[in-house]
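Biologist: Could you take me through the inside of this one, gaps and packing included? I'll ask, you answer.

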Amino acid sequence: AVASLVWLLSGCMSSQLANEIDRTGTVKAPSVSAYSSDDFWKFGVGVVTPHRAQQALVVSGLQRLFGPAVPPSTIRESVDTVERFQGQQRDVMIATFALGDPDAISDEDEFLLSLNRFNVMASRARAKLIVLVSRQVVDHLSADPEVLRGSALLKTYVETFCSNHRPMTLAFNAPAGLRQVTGEFRWR
């Protein structure tokens, strides 16, 4: 899903945000030119994940999709953990939480649902934040009151900020053939 989203964005993102303001406070003239390939990866899109293993899977999927047209090092610099993305920004940020097992979520809830981690992740986006998260992560109720309080931002983002929703199905090629996963598409 992440690789497909990046692929769809790669040819159609303008190299400038609408109503973008320069350093003097003046609105820049509108631009209709797309990002160059290098600038797309440096300024246009970024992907954050909580785990290195998931980062490797996303990078691998992007390398398969984009092939030799994009150097692997360019892709790797655009996909990282939240902590390592701190201080950087992209026009569009894609955040992905790949956990669905309730026991694994429970074991890592302090790490996954950290208020600071979500805040850093969300503040990296200059224009759009796309979050891919399992219902299990959103619905998880920690036994630790501090973790529960910290998880409120993610839950509020999903349930209140992204209040429009509809069912959806994602299909992908798995080793055993075509596989479909049902879910929910939510937006503001």
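What follows is a run of questions and answers on pockets, cavity, cores, rings and a few single residues.

Modeller: Ground rules before we start: this is a predicted model, where local features need pLDDT of at least 70 and side-chain atom pairs count only at pLDDT 80 or more, while totals for chains, interfaces and linings use all residues. Residues are numbered from 1 along each chain as its sequence is written, and side-chain values use heavy atoms, with hydrogens and water left out.

Biologist: Okay, which element gives the largest share of the lining of the largest pocket?

Modeller: A pocket here is an open set of points on a 1 Å grid over the protein atoms alone, with protein on both sides within 12 Å along at least five of seven lines, and lining residues have an atom within 4 Å of a point. The largest one has a volume of about 2,100 Å³, counted as the space filled by probe spheres set on the points, which are joined across faces, edges and corners. Of its 47 lining residues, Ala 1, Val 2, Leu 132, Met 168 and Leu 170 are the closest to the centre. Elements giving two or more residues include helix H1 (2–10), strand S5 (164–174) and strand S6 (177–187), and the largest share, eight residues, is from S6.

Biologist: And how does that lining divide by class?

Modeller: Ala, Val, Leu, Ile, Met, Phe, Trp, Tyr, Cys and Pro go down as nonpolar, Asp, Glu, Lys and Arg as charged, and the others, Gly among them, as polar. On that scheme the lining of the largest pocket comes out as 28 nonpolar, 12 polar and seven charged residues.

Biologist: What about the second largest pocket: how many of its lining residues are charged?

Modeller: This pocket has a volume of about 180 Å³. Its lining includes Glu 20, Lys 28, Lys 42, Arg 90, Asp 91 and Arg 126, and H2 and S3 each supply at least two of the residues. The split is two nonpolar and three polar, with the charged ones numbering six.

Biologist: Now the closed space. Which elements give two or more residues to the lining of the largest cavity?

Modeller: A cavity is a set of grid points where a 1.4 Å probe fits but cannot get out. The structure has one of 30 Å³ or more, and the largest has a volume of about 70 Å³. Val 48, Ala 95, Phe 97, Phe 118 and Met 121 are among the residues that line it. The elements you want are strand S1 (45–49), strand S3 (90–97) and helix H7 (115–122).

Biologist: Which residues touch the most other members of the largest nonpolar core?

Modeller: Such a core is a set of buried Ala, Val, Leu, Ile, Met, Phe, Trp, Tyr and Cys residues joined through side-chain atoms within 4.5 Å. Tyr 157, for one, touches Phe 118, Leu 129, Val 131 and Cys 162, leaving out residues up to four places away in sequence, with contact meaning heavy atoms within 4.5 Å. Of the 23 residues in the core, those that touch the most other members are Val 48, Met 121, Leu 129, Val 131 and Tyr 157.

Biologist: Trp 41 and Phe 66 form an aromatic pair; what geometry does it have?

Modeller: Rings of Phe, Tyr and Trp (its six-membered ring) pair if their centres lie within 6.5 Å, with planes under 30 degrees apart stacked, over 60 edge-to-face and the rest tilted. Trp 41 sits in helix H2 (residues 37–44) and Phe 66 in helix H3 (residues 52–66), 25 residues apart; helices (H or I, at least four residues) and strands (E, at least two) are DSSP runs, numbered from the N terminus. At 5.1 Å centre to centre and 80° between the planes, the pair is edge-to-face.

Biologist: Is Trp 41 buried or exposed?

Modeller: Buried is under 20% relative accessible area, exposed over 50%, partly exposed in between (1.4 Å probe, protein chains only). Phe 66 has 12% relative accessibility, so Phe 66 counts as buried. Trp 41 has 3%, so the word for Trp 41 is buried.

Biologist: Last one: which residue that is not a glycine has a positive phi of about 60°?

Modeller: Most residues other than glycine have a negative phi. The exception here is in the loop between H1 and H2, and with 63% relative accessibility it counts as exposed. The residue is Asn 19.
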